[in-house]
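Load the model in your viewer and keep the selection panel handy. We will go stop by stop, with something to pick at each one.

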Amino acid sequence: MNADLRFIMYLTGGGVTLSQVLPVLQSLGVEVLDERPYTIRRPDGVLCSVYDFGLRVPKALRAISVDGVSDADLPEHLKSRRALASAGAAAVWRGDAEVDGFNELILAFGVDWRQVALLRAIGQYLRQCGFPYSPGHMAQVLIEHRDAVGAVLRLWTASFDPVAADSDAAAEAEADVEAALAAVTSLDADRILRAYLHVVQATVRTNFYADKPVIALKLEPGRIPETPKPRPRFEIFVYSPRVEGVHLRFGMVARGGLRWSDRREDFRTEILGLVKAQAVKNAVIVPVGAKGGFVVKRPPEVTGDAAADRDAQRAEGVACYRMFISGLLDVTDNLGADGAVLPPERVVRRDADDTYLVVAADKGTASFSDIANDVAAGYGFWLGRVRVGRL
């Protein structure tokens, strides 16, 4: 059986096993036909391992991907997407992207791995809101509806790309999404695609174009029917393969802490419950509250050494906390020395000035105030401008 593509890995400092590589390649939707390992020595004497894989694009993915391209022309057609697939596989290998069905969109639609990460992040946010569909099912629905997904991505670009943002293009893309949805016959697919549209429409800021290790979405949940009540006035959802977190704020002025949650599957539900209780308890002091939390998605492996494991867990928690705080600050305005509002760089704002953010200590973060202040200082924030610290 002839391969449609060949994928070659060059590694120094050791080798890899098939069990490490196959999930990465299979997440792109391809079949691995063969593997040819080599060992070479560079002119500088360094020993390198080379792995040459033959890949085949399955018929189902071809039908979505190639738009009637003949088998004879398929290799040339796929050549235009080879660089995207290679970059996507490299991102997964580095840990910058996750291994799941969303990666099939790279070859299917010719999108890059960062756009796939955005679609994955939206899916993760919907799951945290209690959306009943699994990530795998959402990914499959997206793969089966090229026109709708393409229009959603165009709407995103026209709304938030600092270079290409254009209100007319956004309106046109929004109309294209609605037209694509009108042709959807499956109720599940309609619900999923509309939920994606609602999240994009309700996003008012994002750091997506700021080249950061996390994706931060500042949302107005009141515009997302899929979110449970009560709905915060503002919400920031932070996503990466390493950490996820959320900050719920029920008013322009609302105070509360951030916790290190251990509820990976439903940490937003936990945070929402806490902020509801906070609103009752503190009604006389502050009518509305704010709460946030993050989860560590890739905890270090347990070694059996209690002290070493504890230190490793804390180190990863601190690293994830720093990434979470950075995501929150990426979409928060600062104040200059003269009191002028300083918007974040490479962030298109679809809301009013907003320089308020309280990230006090909470469960698991009681000793993290100095860490938060250190992150804030790196952004040029200080206490009293963006309220970072312990209340």
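Here is a short tour of confidence, sheets and helix contacts.

**Colour by confidence**

Start by colouring the chain by pLDDT, as this is a predicted model. The average pLDDT is 90, and 91% of the residues score at least 70. Now select residues 384–391, where the pLDDT is below 50. In the model this stretch has 34 contacts beyond near neighbours in sequence. Where pLDDT is low, predicted coordinates should not be read in detail.

**The sheet of 3 strands**

Next, select residues 5–12, 31–41 and 47–56, which are strand 1, strand 2 and strand 3. They make an open sheet in the order 1-3-2, and the pairing is antiparallel. Strand 1 and strand 2 are the edge strands, each pairing on one side only. If you look along the sheet, the twist from one strand to the next averages 20 degrees.

Keep strand 1 and strand 3 on display: 8 bridges pair them in the antiparallel sense. Which residue in strand 3 stands opposite Met9? Pick Tyr51 and you have it. Then add residues 18–26, helix 1, which packs on this sheet and touches strand 1, strand 2 and strand 3. The direction of helix 1 makes about 45 degrees with that of strand 3.

**The sheet of 7 strands**

Move on to another open sheet, this one with 7 strands in the order 4-5-6-7-9-8-12 and mixed pairing. Select residues 203–206 for strand 4 and 360–361 for strand 12, the two strands at the edges. Each has a single partner strand, so one side of each is left without a neighbour in the sheet.

Inside the order, show strand 8 (residues 257–260) and strand 9 (residues 290–296), which run parallel and are joined by 3 bridges. To see one such pairing, label Trp260 and its bridge partner in strand 9, Phe294.

Two helices to add here are helix 5 and helix 9. Helix 5 (residues 113–128) packs on the sheet against strand 5 (215–219), strand 6 (234–239) and strand 7 (243–249), and its direction makes about 125 degrees with that of strand 6. Helix 9 (residues 187–202) packs on the sheet too, touching strand 4 and strand 5. Its direction makes about 70 degrees with that of strand 4.

**Helix 5 with helix 6**

Stay with helix 5 and add helix 6, residues 135–143. The two axes come within 10 Å and cross at roughly 135 degrees, which makes helix 5 oblique to helix 6. The crossing is right-handed. Show side chains for Leu119, Gly123, Gln124 and Arg127 of helix 5, and for Pro135, Met138 and Leu142 of helix 6, as they make the contact. By class, this contact has 4 nonpolar, 2 polar and 1 charged residues.

**Helix 11 with helix 12**

For the last stop, select residues 306–330 (helix 11) and 369–378 (helix 12). At what angle do their axes cross? The answer is roughly 45 degrees, with the axes coming within 10 Å, and that makes helix 11 oblique to helix 12. Helix 11 passes helix 12 in a right-handed crossing.

On helix 11, display Val318, Tyr321, Arg322, Ile325, Ser326 and Leu329. Facing them in the contact from helix 12 are Ile371, Ala372, Asp374, Val375 and Ala376. Coloured by class, the residues of this contact divide into 8 nonpolar, 1 polar and 2 charged.

Definitions and conventions: Residues are numbered from 1 along each chain as its sequence is written. This is a predicted model: local features need pLDDT of at least 70, side-chain atom pairs count only at pLDDT 80 or more; totals for chains, interfaces and linings use all residues. Side-chain values use heavy atoms; hydrogens and water are left out. Axes are lines fitted to C-alpha atoms, for helices over the stretch in contact, and angles run from 0 to 180 degrees between N-to-C directions. Helices (H or I, at least four residues) and strands (E, at least two) are DSSP runs, numbered from the N terminus. Angles under 35 degrees count as roughly parallel, over 145 as roughly antiparallel, 65 to 115 as roughly perpendicular and the rest as oblique. A crossing is left-handed if the near helix is turned anticlockwise from the far one by less than a right angle, and right-handed if clockwise. Contact means heavy atoms within 4.5 Å. Ala, Val, Leu, Ile, Met, Phe, Trp, Tyr, Cys and Pro count as nonpolar, Asp, Glu, Lys and Arg as charged, and the others, Gly among them, as polar. Two strands pair if DSSP finds at least two bridges between them. pLDDT is the predictor's confidence in each residue, from 0 to 100.
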